[in-house]
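Me: Please take a close look at a single part of this structure and explain how it is put together. I would like one connected account that then follows the chain outward and across to its partner.

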Amino acid sequence: MEFLRPLSWEEALALRAGRPDAVPIQGGTDVMVEINFEVRRPGALLDLNPVRELAEWEMAEGRLRIGAGLPYTRLIEEVGDRVPGLAQAARTVGSPQIRNRGTVGGNLGAASPAGDCHPPLLAAGAQVEVESAAGGVRMIPAEEFYLGVKRTALRDDELIRAVWLRPAEGPQHFSKVGTRNAMVIAVCSFAIALHPAERRVGTGIGSAAPTPLRAAEAEEFLAGELAGEPAWGRSLPDGLAERFGELVGRAAAPIDDVRGTAAYRRHALAVMARRTLTWAWQDRLAGTGRS
Amino acid sequence: MRVTFTVNGSRESVDDVWEGESLLYVLRERMGLPGAKNACEQGECGSCTVYLDGAPVCACLVAAGQVEGREVRTVEGLADGGRLDPVQEAFVECGAVQCGFCTPGLIVQTHALLARRPDPSDAEIREALAGNLCRCTGYEKILDAVRLAASRKTGAE
């Protein structure tokens with residue numbers, strides 16, 4: 001195995017292009033587990049820690065650009081108020097020690113269906129900025145990024161540079177089911193983002209299909225039911241949250257595994273969808289959810 | 001490969017490090033610093049908690065090459081010469097040690113908590129220590145020790 005240590009983004013892209021067998025490593029919280037347990041023996045590790053600009057964030061063109069190497073702890077502290085759904089998900093990742101190392105970029109690169117960042121990124125309509133030395137920059141919508149279990153739209157010579165998302169324009173919530181509050185890989189998870197200005201709803205389902213995914217039918221149903229200005233300022237009609245939950249549960253394609261059964265996951269998703277919508281709506285009526 | 005980094009204030013170079021090796025292995029097996037414990041090797045137990053550039057992390061999940069030029073502080077680096085750190089003293093006084101295996105990780109994590117938040121609530125203590133498992137389940141005395149160390153730090157005692 002080789003250890004590649006680029007000191008700049010350009011050098012990282014050049015090394016990536018020449019070494020398709022290299023595995024990029026940021027916080028190591030996924031990659032090192034696989035190496036420690038001999039699940040993986042890559043030809044090389046491509047350490048992205050020295051590329052300091054990856055650990056920064058900025059506001060550009062009215063959107064937040066979060067560097068792929070920004071640890072969760074800093075994401076929560078420095079931009080959490082602007083991306084509350086993502087920040088809520090980040091708070092549920094592992095332990096404080098893991099959050100000091102783990103990154104959104106690493107979560108995207110690993111592309112586990114259970115990754116905590118994916119549902120809020122989907123709900124918020126985030127884009128993934130990737131780059132290669134030969135092909136330049138590509139912006140990939142989150143919903144097109146996940147192709148299968150641990151498979152992404154990233155090409156062999158590309159690296160993840162950042163994720164882009166607009167600061168929340170309405171309430172956002174994330175919910176996750178597991179055996180305890182800390183140190184838990186999601187049995188399943190759900191994120192909602194309300195976009196009141198566009199009369200639109202965003203959703204993301206985690207750990208209940210081969211990839212994270214949106215519940216498109218549920219989004220359309222809810223937006224349709226709430227069409228029109230007055231509806232967004234009133235209490236939720238009876239039964240609406242329940243119906244929304246059912247549609248979210250139906251959007252999933254879960255399996256039975258060690259963490260839970262498919263039936264349980266569908267049920268839990270319906271409950272989480274109902275609850276997160278209720279919380280988001282309470283925020284909206286209370287005026288606390290940024291509208 | 002050779003890795004050069006600062007450990008407990010001293011600049012050290014280690015040779016013949018395998019590229020896939022963890023910081024934990026380097027500390028324990030190559031540098032004679034067995035304080036950080038090797039247990040789960042997957043970031044679940046917190047027994048290997050050390051500071052990396054001032055932030056507590058699981059040493060088992062840091063690739064050795066990633067610490068090149070950086071600063072690591074282990075549980076061995078908390079005492080001031082012969083004088084234990086107040087967090088260590090509090091663990092001794094409270095009997096917050098049963099088998100002792102999780103203790104170094106808990107002490108480093110507690111040290112980091114109190115540096116950031118000298119007077120934490122019980123909820124904050126539990127949250128901070130959520131990634132440190134005590135298999136003996138001696139959590140009550142551990143919480144006592146954290147509270148004692150905090151009270152001394154804030155001068156309440």
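Reply: The account below starts with an annotated span of chain A and then turns to chain B.

The model is predicted. In an unreviewed UniProt entry, the annotation "domain: FAD-binding PCMH-type" covers residues 1-170 of chain A. Over residues 1-170 of chain A, the secondary structure is 32% helix and 26% strand, and the end C-alpha atoms of the span lie 47 Å apart.

Consider the sheet of three strands. In chain A these strands form an open sheet in the order 1-3-2, with parallel pairing. Strand 1 and strand 2 (22-25) of chain A each have a single partner strand, so they stand at the edges and one side of each is left without a neighbour in the sheet. Between neighbouring strands of this sheet the average turn is 25 degrees, with direction ignored. The parallel pairing of strand 2 with strand 3 of chain A runs over four bridges, and I25(A) stands opposite D47(A) of strand 3. Helix 1 (residues 9-18) of chain A lies across strand 1, strand 2 and strand 3. Its direction is at about 160 degrees to strand 3 of chain A.

Chain A also has an open sheet of five strands, ordered 4-5-10-6-7, in which the pairing is antiparallel. The edges are strand 4 (57-60) and strand 7 (136-141) of chain A, each of which pairs on one side only. Neighbouring strands of this sheet are turned by 25 degrees on average against each other, direction ignored. Within the order, strand 6 (residues 127-132) and strand 10 (residues 159-165) of chain A run antiparallel and are joined by five bridges. Here V130(A) has I160(A) of strand 10 as its bridge partner.

How many residues does each chain bring to the contact between chain A and chain B? Chain A gives 23 residues and chain B gives 24 residues. On the side of chain A that touches chain B, strand 1 (2-4), helix 2 (31-36), strand 3 (44-47) and helix 5 (96-99) of chain A each supply at least two residues. Helix 2 of chain A has the largest share, with four residues. Sorted by class, this side of chain A has 11 nonpolar, eight polar and four charged residues. Strand 1 and strand 3 thus belong to the parallel sheet of chain A and also contribute to the contact with chain B.

Further along chain A, helix 9 (residues 216-225) has buried residues A218(A), E219(A) and L222(A). These three cover an arc of only 100 degrees around the axis, which puts them on the same side of helix 9. A216(A) and G224(A), on the other side of helix 9 of chain A, are exposed. The cover over the buried residues of helix 9 includes strand 13 (200-206), helix 10 (240-251) and helix 11 (262-286) of chain A.

In chain B, strand 3 (49-52) is covered on both faces. T49(B) and Y51(B) are buried on one side, and V50(B) and L52(B) are buried on the other. This follows the rule that in a regular strand the side chains alternate between the two faces of the sheet. Strand 3 of chain B pairs with strand 4 (residues 55-58) of chain B in the antiparallel sense over four bridges, and T49(B) stands opposite C58(B). These two strands make a hairpin with two residues between the strands, in which D53(B) takes a positive phi near 50 degrees. Strand 3 of chain B also pairs with strand 5 (residues 71-73), in the antiparallel sense over two bridges; there L52(B) stands opposite V72(B).

Positive phi values also occur in loops of chain B. D16(B), although not a glycine, has a phi of about 60 degrees, and its loop lies between strand 2 (10-14) and helix 1 (23-30) of chain B. E41(B), likewise not a glycine, has a positive phi of about 55 degrees and lies in the loop between helix 1 and strand 3 of chain B. Are these two residues buried or exposed? D16(B) counts as exposed because it has 9 C-beta neighbours inside 10 Å, whereas E41(B) counts as buried because it has 20.

A last position in chain B is F91(B), in helix 2 (residues 86-94) of that chain. F91(B) is buried because 26 other C-beta atoms lie within 10 Å. Leaving aside residues up to four places away in sequence, F91(B) touches A96(B), V97(B), T103(B), I107(B) and A145(B).

Technical notes:
Residues numbered from 1 in each chain as written. Chains lettered and ligands numbered in written order. Predicted model: local features only at pLDDT ≥ 70, side-chain atom pairs only at ≥ 80, totals over all residues. Contact = placed C-beta atoms within 7 Å. Nonpolar A, V, L, I, M, F, W, Y, C, P; charged D, E, K, R; others polar. Pairing = 2+ DSSP bridges. Axes fitted to C-alpha atoms, helices over the stretch in contact; angles between N-to-C directions. Buried ≥ 20, exposed ≤ 12 C-beta atoms within 10 Å, placed from the backbone. Arc of directions from axis to C-beta. UniProt positions renumbered as here; feature names shortened; annotations may be inferred.
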